Amino acid sequence: MHAETKQHDFEPKIVAFVCTWCTYAGADLAGTSRMQYPSNVRVLKFPCTGRIDPVFILRAFQKGADGVLVSGCHPGDCHYMAGNFHARRRFAAFRALLSFVGVDLNRLQFSWVSAAEGGKWVDVVTELTERVRTMGPMPEFKELEHEEQWSTFAGASADKVLNSPELKEAYDSIG
Amino acid sequence: MSRIGVFVCHCGENISRTVDVEQVAKAAGEIPGVAYSCDYKYMCSDPGQTLLKKAVAEHKLDGVLVAACSPRMHEKTFRKAAEAAGLNPYLCEMANIREHCSWVHEDRGMATAKAKDIVKLMVERVRKGKSLAPITVPVTKRALVIGGGIAGIQAALDIADAGHKVVLVERDPSIGGHMAQLSETFPTLDCSQCIMTPKMVDVANHPNITLFTYSEIEKVEGYIGNFQVTVKHKARSVDEKKCTGCGVCMTKCPKKKIPNEFDQGHGMRPAIYVPFPQAVPNTPVIDRENCTMFQSGKCGVCAKVCGPGAVDYEQKDTFTVEDVGAIVVATGFKLYTIDRKPEGSPIQGYGEFGYGTIPDIIDGMTFERLASASGPTGGKILRPSDGKEPKQVVFIQCVGSRAREKGISYCSKVCCMYTAKHTMLYHHKVHDGQAYVFFMDARTPGKGYDEFWRRAVEEEEAVYIRGMVSRMYQRGDKIVVMGSDIQVGTQVEIEADLVVLATAVQPQDGADLLAQKLGISYDKYNFYSEAHAKLKPVECATAGIYLAGACQGPKDIPDTVSQASAAAAKVMTLFAKDQLERDPVVAKVNEKYCVGCFACKKVCAYGAIEEKEIRDRQGNLVKKVAYVNPGVCGGCGTCQATCPSKSIELDGYTDEQIMAMIEAL
Amino acid sequence: MNAKASKTHVTCIEPAYYEAITEAIRKEAVQILKDETVVGVVGYLPGRRKGTASPALVTTAEEAGKLIFSPACVNNLSVYLTKAKKGVLKKGKVGIVAKGCDMRALAGLITESQLQREELFIIGVVCPGVYGFGAERTGTLTEANIARKCRECSVHLPDGADVAAGTHTELADLTPEEAEEMARIEAMPQAERWAFWKEHFSRCIRCMACRQVCPFCYCEQCLCDKNRPQAVESSPRPAGNMAWHLVRAMHLAGRCGGCAECERVCPMDIPLNLLNRRMAKELKELYDFEAGLNPVEKGPLNQYKEDDDQSFIK
Amino acid sequence: MPQIITEQNLRNLIDLLVKEAKLVVGPKLSGSVVLYEPLAAGSDLTLDALPRRSSKELFFPICEDILSYKRENGAMKVTDVDRSKFPETVLIGAPPCDAGSPAILDAVMSWDYNDEFYLERRRKSTIVGIACTKGDDACFCRAVGLAPDAEGGSDLFLTPLKDGSYACKAVTDKGQALVAAHQNLFADGAGTEPVPFVDQAVEKLDLVKIKKWLEEHFEDPLWEKIADICVGCGACAFICPACHCFDINDEGSTDDGVRRKHWDACGFAKFTNHASGHNPRDVQNKRYRNRIMHKFKYYDDKFGKTLCTGCGRCIRACPVGIDIAEILETINGKED
């Protein structure tokens with residue numbers, strides 16, 4: 001029954017911010033249709049893509065996401081009429097900013113997935129997961145998270161005590 | 001420190017087959033803030049729900065997470081159970097480990113890991129969640145219907161019959177609208193006035209309906225359940241209370257040669273008039289622009305002959321404010337009547353058709369009046385120029401409609417059918433006459449419609465020519481119609497006695513201005529926009545306002561009546577409760593930090609955000625802030641994502657909840 | 001003085017040019033204070049150190065007679081009209097000395113309901129440019145000491161001001177350094193761009209000077225000061241710094257008037273205006289929006305068109 | 001006996017200290033600005049410009065963890081920072097206005113409460129000060145009682161000589177030890193003449209008189225006049241060698257996070273904001289008044305020292321041109 005799934009060296013962390021009316025329902029449909037897709041994605045439900053703040057995406061990357069998906073209703077289908085239109089502009093601008101500071105946009109996917117598009121949900125999630133998997137872990141924000149100003153992190157230098165012969169040589173060379 | 005209970009459902013084997021539910025429950029128990037966790041075969045079953053209720057009591061839980069199917073499936077079920085156990089229903093959430101996990105993944109280890117994560121995220125959501133109370137908005141059970149055509153009449157009657165008060169406002173002196181002008185109706189050819197006028201009388205006599213004719217909407221304030229509408233009652237110059245409708249004034253009025261609008265300008269009326277004999281109310285108005293008394297101050301015949309003394313030249317426009325809970329907009333349509341491009345309009349005219357310059361080129365509605373027994377010709381088909389009976393009539397469809405290059409790309413929907421009807425009416429009245437129809441397609445969806453059209457072609461001898469007319473011009477007393485027959489592939493030239501144009505259906509003049517007063521949206525043609533093209537076809541985006549009839553898009557009578565009844569049903573649903581109760585997922589403003597940039601207001605699709613003044617104790621204005629009307633807010637949260645300082649927050653989806661969830665990733 | 005007349009290109013702007021503007025500002029400021037058109041004028045006074053200037057709110061004709069305009073008048077004074085702390089507006093109409101770039105901020109603030117045009121008397125300056133940060137303060141403006149933002153100024157003329165002081169004069173042949181720098185960064189490989197910004201942001205000490213001088217950062221509660229929830233780490237660590245500057249760039253997108261005050265005041269020399277310019281460029285390309293001298297109904301991120309670009313959406 | 005060190009040997013000294021696993025911090029070009037940063041080699045040292053930030057961050061970092069916490073099995077586990085890991089540090093190349101700041105700050109850091117983070121770093125550090133031969137119109141160290149050749153705070157003090165070498169003076173035992181341990185880099189003798197100092201624009205101030213005026217003028221129109229233009233950023237405080245206010249924040253979640261201490265500034269509107277929402281310093285000029293009061297009155301009241309070294313950084317950096325030297329001169333010149 002349990003198919004043997006391929007073992008991968010790297011399982012990327014994918015976070016999806018979706019609207020409840022279209023994409024969440026589309027993902028439900030993928031479930032009721034027993035479609036299969038990589039299990040890496042973690043879904044956060046919002047009423048509407050209009051509610052999704054760019055800060056959430058930033059935070060997700062900071063907290064270790066390797067890829068982020070934002071998905072909502074097709075234009076014209078928004079349950080709240082225009083939320084996705086506002087989101088579309090907001091994220092168009094945010095993408096430009098992220099790209100400018102050196103974030104690889106291949107890690108950030110936007111899509112319209114309707115409640116009827118279980119298949120498209122599977123495609124979008126699979127494609128993003130596999131793409132990010134080949135890219136490897138996202139180092140940028142994660143590294144940053146552990147970086148400190150030098151004055152805080154000064155303790156690190158205590159680890160590189162050199163042995164005395166080398167030190168003596170240094171003394172000698174200066175003479 | 002919260003005390004959350006996590007209930008992991010096996011869903012028979014639907015979940016447990018791929019997800020190790022015991023492990024998930026165990027892991028959930030270790031999440032900070034979780035006081036209790038368990039797994040159970042069927043959480044949604046009665047025993048499952050009992051288990052949940054018991055656990056809430058036993059473990060003093062202050063929040064509940066059910067890890068099971070999609071919340072779209074059972075969120076209501078479990079929220080009800082949680083409520084029964086004494087919890088606020090909004091502190092009960094679902095973690096979707098079936099549709100989003102067990103059903104879509106095969107690897108047990110990965111699926112279990114994912115299920116644990118989903119539970120962890122959702123626990124944070126519950127932890128940071130707040131108790132929410134449903135929002136109640138008092139409802140004034142009185143409706144306003146704007147427009148007294150068949151749509152408005154039907155809606156008003158339905159609502160009134162349900163026992164609610166209705167205010168019906170009509171711009172013209174009488175209700176009836178376009179339907180009252182029609183001769184016969186398709187596809188049954190029954191007399192329009194015969195079915196229309198009884199309804200008009202019903203409106204006039206209905207104890208629940210207050211009828212304001214010759215009145216317009218001046219201002220709309222408030223929101224769903226609580227609108228305050230200012231109605232302008234234009235000066236009629238006749239006191240409605242005194243007038244008995246005897247009609248002596250009209251017969252005595254010395255000025256009788258004014259083109260009658262009701263007959264499309266082809267009949268005449270006096271300066272004091274009712275638009276048509278069956279008008280409701282049967283109270284005349286004075287057309288002040290054409291009245292000698294108003295223009296020169298000399299005459300006063302009508303006042304002299306009026307027994308009850310109802311004529312009042314001093315009457316002024318008056319205003320009333322009507323409190324209503326719901327509004328049905330039924331302002332209908334007008335026909336495209338332009339012959340050249342009017343200034344500022346994006347819509348091009350048909351100068352090449354000679355419309356407006358050649359008197360025997362008329363529009364469909366004029367033909368209706370010519371064919372109507374109550375019309376200017378008494379129902380005889382006589383052409384306007386010389387009153388002769390036309391022997392060759394050319395009907396042209398799609399004049400304006402479906403002509404993107406002319407500025408209108410939509411189909412006017414009713415023209416195919418009424419042109420077919422016109423050919424029949426013509427054939428019935430002028431037996432030796434010949435009707436030609438230029439058409440692009442014959443669109444006849446509707447019960448009995450195609451049969452009707454075929455009857456026109458096959459039995460009533462109308463000649464349908466597929467193709468468009470390129471030019472028309474007067475030659476002697478004939479109109480030369482030049483066009484192409486694309487089926488045969490030849491040029492056609494017909495010498496017609498009369499040409500009837502099926503001109504496009506357009507929204508009424510001023511539709512955009514009314515929409516602005518109502519705060520509803522409209523498309524580029526000024527047709528009003530429904531909230532959802534498929535699922536909310538009669539609701540406006542603005543809560544409490546509903547659409548009926550052709551103001552929303554071209555419609556025939558049955559569709560209009562259906563939509564009117566649907567709008568009425570929506571109003572009745574709203575009026576079924578004393579208070580409007582709605583989901584508390586609405587935005588709230590933090591007035592301390594709001595600086596009043598009103599970005600929220602700019603992005604709100606519902607018009608739910610108002611400007612509120614904050615004053616100190618002395619009454620000095622401190623600042624202006626945003627205020628969300630909870631009765632109107634749709635709950636999308638676009639405002640919050642837009643607010644730079646997050647001084648507006650959507651309950652149920654707060655930043656704190658979302659950030660905690662992201663933190664738990 | 002007719003600002004619209006003709007424009008002149010020169011190799012240096014002599015002190016006399018600024019002196020003429022100074023005279024015009026003084027005359028106007030004294031007049032509007034005397035006839036009580038305004039309750040105060042926000043302008044510049046000379047600083048203690050040679051060739052420096054400081055913002056000032058003057059309320060008497062006598063003080064107004066000391067106002068100056070020089071290449072050291074770098075500040076965007078519109079910041080003094082918002083940020084609740086001032087309260088000058090509540091007392092009546094206020095005069096303000098504004099360069100073209102400052103006027104774009106005023107227009108934006110009117111768009112965002114923070115100001116009303118009728119509350120302002122704008123003394124516009126036909127500005128040939130101001131000093132860059134740390135540049136030599138010689139009194140004369142040359143290619144060597146002009147601010148980077150001024151090299152590409154498109155608003156020398158303060159159109160829409162109540163009065164304008166100065167004749168249209170510009171330095172000739174200025175290279176667009178900022179545009180070149182932006183192009184340089186955009187041409188970098190992605191990892192290099194990240195490294196570039198990471199290095200800059202890591203130096204940030206979160207003194208908030210960028211926020212405090214920004215006319216558009218008028219929130220009473222800055223998102224980055226909030227701790228429930230903490231959307232942006234408030235401690236000055238590289239991670240929080242990066243988040244803060246990205247959030248700020250996002251919040252300013254479609255609003256920023258391009259005065260580049262944030263960049264000027266940064267004690268750590270972070271080229272912050274590049275972020276704002278990048279956003280402006282994007283919004284121009286996508287939605288044909290440019291911050292201008294006139295208020296608009298809605299900014300580009302507070303509206304939409306049904307056929308907006310969505311080539312990035314699957 | 002006087003000693004000298006050549007510039008090359010000064011750089012060699014840095015190389016050696018780095019090899020000795022000491023943290024060597026000195027002025028270094030970082031991007032377009034000079035900052036005090038760890039030197040990887042003697043060649044990193046740059047003595048051309050006053051660093052943008054003061055050297056206080058050596059003892060009082062911009063931001064540091066003070067503990068971490070994690071909820072485990074229902075109980076909160078708290079882990080302290082291991083301060084013994086703080087490295088032995090040598091600060092090289094700080095002018096008197098920076099080198100002198102720890103001498104001022106020691107008082108407050110070991111007053112009613114010992115700030116072990118500060119003190120541990122201080123114990124493990126040696127400061128090599130250098131007489132200042134640069135300076136611009138923002139400098140005013142003489143006015144506040146320091147001087148370009150003030151040795152206060154330094155363990156070893158260098159004076160630039162005209163031939164490019166430096167005269168050395170061991171001010172403390174720590175300084176003496178540093179020289180002793182690297183004796184072969186130093187040579188005996190007085191060397192050539194010192195490089196002359198630059199004149200300063202601000203005359204010597206009567207700090208006693210200023211303090212007295214401040215005592216009597218908590219409320220004064222002057223505050224509005226000078227500080228209404230303050231936009232409320234923290235640039236002045238953050239780059240100041242003497243400002244030492246900090247805030248403490250828990251970052252992370254309520255179950256897993258770090259408690260961090262980081263710089264704070266009295267210019268910030270939230271600086272003394274109470275939990276109730278009330279702020280006793282409700283307008284900007286009251287916040288700026290606190291800056292002056294703290295530096296020239298409160299600190300003196302408590303510790304007998306002036307909390308300012310006259311480095312002029314705040315004057316150069318103030319976005320709106322507030323000039324503390326000018327303010328002091330104004331107060332100094334007051335008759336009442």
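## Two domains in chain C

The centres of domain 1 and domain 2 of chain C, taken over C-alpha atoms, lie 24 Å apart. Keep in mind as you look around that this is a predicted model. Where do the two domains run along the chain? The domain assignment places domain 1 of chain C at residues 8-171 and domain 2 of chain C at residues 177-302.

These two domains also touch: 26 residues of domain 1 of chain C are in contact with 23 residues of domain 2 of chain C. On the domain 1 side of this meeting, you will find 11 nonpolar, 7 polar and 8 charged residues.

## A pair of crossing helices

Now look at helix H6 (residues 190-202) and helix H8 (residues 238-252) of chain C, whose axes come within 9 Å and cross at roughly 105 degrees. Angles of 65 to 115 degrees count as roughly perpendicular, so H6(C) is roughly perpendicular to H8(C).

Which residues make the contact? From H6(C) come Lys198(C), Phe201(C) and Ser202(C), and H8(C) brings Pro238(C), Asn241(C), Met242(C) and His245(C). Sorted by class, this contact has 3 nonpolar, 3 polar and 1 charged residues.

## A look at chain B

Let's move on to chain B, which has 18 helices and 36 strands. Its C-alpha atoms fill a box of roughly 95 × 70 × 45 Å along the principal axes.

Chain B has 665 residues, and 52% of them count as buried. Among the contacts in chain B with a separation of 6 or more, 69% join residues 24 or more positions apart.

Methods. Residues are numbered from 1 along each chain as its sequence is written. Chains are lettered from A and ligands numbered from 1 in the order in which they are written. This is a predicted model: local features need pLDDT of at least 70, side-chain atom pairs count only at pLDDT 80 or more; totals for chains, interfaces and linings use all residues. Domain bounds come from an automatic or database domain assignment. Two residues are in contact if their C-beta atoms, placed from the backbone, lie within 7 Å. Ala, Val, Leu, Ile, Met, Phe, Trp, Tyr, Cys and Pro count as nonpolar, Asp, Glu, Lys and Arg as charged, and the others, Gly among them, as polar. Axes are lines fitted to C-alpha atoms, for helices over the stretch in contact, and angles run from 0 to 180 degrees between N-to-C directions. Helices (H or I, at least four residues) and strands (E, at least two) are DSSP runs, numbered from the N terminus. Angles under 35 degrees count as roughly parallel, over 145 as roughly antiparallel, 65 to 115 as roughly perpendicular and the rest as oblique. A residue is buried if 20 or more other C-beta atoms lie within 10 Å of its own, exposed if 12 or fewer, and partly exposed in between; C-beta atoms are placed from the backbone.
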